[in-house]
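Trainee: I have a few questions about how the terms apply to this model. Could we go through them together?

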Amino acid sequence: MIALITSIFTITLRAGTSLIYATVGEIFTERSGILNLGLEGMMLMGAVSAFATAYYTGSLLAAVVAAMAVGIVLSSIHAFLSITMRANQVVSGLCITIFGSGMASYLGQRLGPADNSFYLVGLVGPRFIPISISGLGSIPILGAVFNQDILTYIVYLIVPLSWVFLYKTRDGLNLRAVGENPGTADAMGVNVFLVRYAATILGGMLVSLGGAHLSLAYTPGWAENITGGRGWIVIALVIFAMWNPARAMLGAVLFGGINAVQFRLQAAGTTIPAAFLNMLPYLATIVVLVVVTWWENLSKRIGAPAALCKPYIREEK
Amino acid sequence: MRFVLEKRERTSQTVAVLVPIASFLFSLLLAAVLLVISRVSPIATYTAMFKGAFGTWPNFTETLVKAIPLMLTGLAVSIAFRMEFWNIGAEGQLTLGGVAAAWVALFWGLPVWLVLPAALVVGMLAGAVWAGIPAFLNAHMKVNETLTTLMLNYVAILLSQHLYYGPWRDPKGYGFPGTAPFPESAWLLRITGRVHLGLVFAVILAFFLWLALNRTRWGFEIKIIGKNRTAARFLGIDIASMIVVSLLVSGAVSGLAGACEVTGISRRLQQGLSIGYGYTAIIVAWLAQLNPIAIIFVAILIAGLSVGGDQVQMIMGLPSAMGLVLQGMILFPMLAGALFTEHRLVIMRGASKGSGEGAAL
């Protein structure tokens, strides 16, 4: 029984890693007042570019760097459109998703070797392998935490660091101020445009890394629609976490857990049709969203950044 | 020298038309760069795409076939978008409409004359329910509609897959995933080629929607809610019920799209119903600037991109996803261009500090 719980917990963390990366990334972006709905496209592009790079160079480091670079490019487009061009952020984000998923699918059919008719699907490349930390990895249940791949260990560091950055540093305060009241922040000498660009691009980089974890570690290799809607679940997780990186971990583990339990149930050969098990994460997202929204309306304590989705127009009359 | 953005007093018709066209040409140019990197000639590719989509009558009818669901879902989402209600669930609403129509056609055992009308109506109802849930949650509990509509897409698609792989699978289908073919009484009339009556529905609907938006109180209230919710509240508009009612209409139109697809094209429920029409609809609606009449023409253009994309795959050996990439690329310049329909760029010489009217860049 303990072995089973340990294994479910291990899979939970593995499934949750990409979600945590993307959630923390989107929290940075939204905290600055920019909503990026392009996560699904950015994660797919991160996944495909990371896998292709790993396949050809054999270097996992290069793969991670490639994914980050792609994330920077895509989020820069979103930043330019929504910050400088003051475009509708919802539509701009959707465009990133449509473009990113199309482009990822295109690259997946184009970047492969000639003997695989240029497809990336079905190839095996280098991957991140779980490394058990000696001693700690064999503890029952808790050992799951110390039996993960490097990207997961890095995320353990990113979560507290992001929390400290947002709540305990001057720059973090400025970032939150820009998202709450850009006019006042501007008057206090904060460069609103710069902060928003930086937050959107940094966030995009982390989101794309989440995608890379999928193709390099969780389900190694490239497959069409490898993200399976994770980018959208992340948008819900940000709300669930109430824009706090520390709570992002909790939500991602919860959703990773649904994945893991579903995986286990399927392996055990339940009589519940697979389709209904597969619906669980999506239905759970809706339920969580309803509960969180209801609770938020009730307590009026922590809400979305006040200036979320509002372009900042300097000294316009 | 510095650049200053000045708000236009009013957007002239010429600018409103020229900016989208310039954006479209710019996106073709952007995609050309990608094609050159892929070592194929952009001109040859675009020629092949154009010929493949509009070059011959059979090809053009195929473009129309693909355009019909885009017209209907495009109209559907445009209703919601006008109120700034981000319904990205057209895909699920369409899928469920198809599922419901299949249910009626295969299992209800209705009199022959009633099968098709009932299938279409029940399909619309299913779509309406699927859009109604997020609308209700948003209107009465402020639950984010982008997420709920999207999550319900996955639920609807999984449900339809479950049905045609499982309980509804054709026992005589040699293991092929799909339901039995519909009886002939459930076939939607085809006008020419595979172009079915859905085209007529879409055109009539576009006209009535245009009329409703411009000539009725409902249309007026929708516009006010979209422009300024606070003002709408002061005017005594019941925003919550407007959202729910309009989204029921929006969902019903998407449901009709799905019902027309299964009764007009595949004539059974099978793979290939949920292939992203609902998402492309967002592009269609946005490119058409939510104008119902423009949606009809933009849908044909975008359908041409996808039919042309398939041709490119056959002729030039490029992945068919090229069409998708192009669709995505078209929107970026369009979005950026929107700023110039509302503002004009003024170049100011010298450092005339503080004299500019608009926002400095």
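Mentor: Gladly; we will take one residue, then a helix pair, then the contact between chains.

Mentor: This is a predicted model, where local features need pLDDT of at least 70, side-chain atom pairs count only at pLDDT 80 or more, and totals for chains, interfaces and linings use all residues. Residues are numbered from 1 along each chain as its sequence is written, while chains are lettered from A and ligands numbered from 1 in the order in which they are written.

Trainee: Why is B:G89 called buried?

Mentor: A residue is buried if 20 or more other C-beta atoms, placed from the backbone, lie within 10 Å of its own. B:G89 has 35 such atoms within 10 Å, so it is buried.

Trainee: Which residues does B:G89 touch, not counting those up to four places away in sequence?

Mentor: Among them are B:W130, B:P134 and B:L152; touching means C-beta atoms, placed from the backbone, within 7 Å.

Trainee: Which residues of α5(A) meet α10(A)?

Mentor: A:V159, A:S162, A:W163 and A:L166 do, against A:P245, A:A246, A:A248 and A:M249. That contact divides into seven nonpolar, one polar and no charged. Ala, Val, Leu, Ile, Met, Phe, Trp, Tyr, Cys and Pro count as nonpolar, Asp, Glu, Lys and Arg as charged, and the others, Gly among them, as polar.

Trainee: How many residues does each chain bring to the contact between chains A and B?

Mentor: Chain B gives 42 residues and chain A gives 42 residues. On the side of chain B that touches chain A, 30 are nonpolar, 10 polar and two charged.

Notes. Contact = placed C-beta atoms within 7 Å. Buried ≥ 20, exposed ≤ 12 C-beta atoms within 10 Å, placed from the backbone. Helix = DSSP H or I, 4+ residues; strand = E, 2+ residues; numbered from the N terminus.
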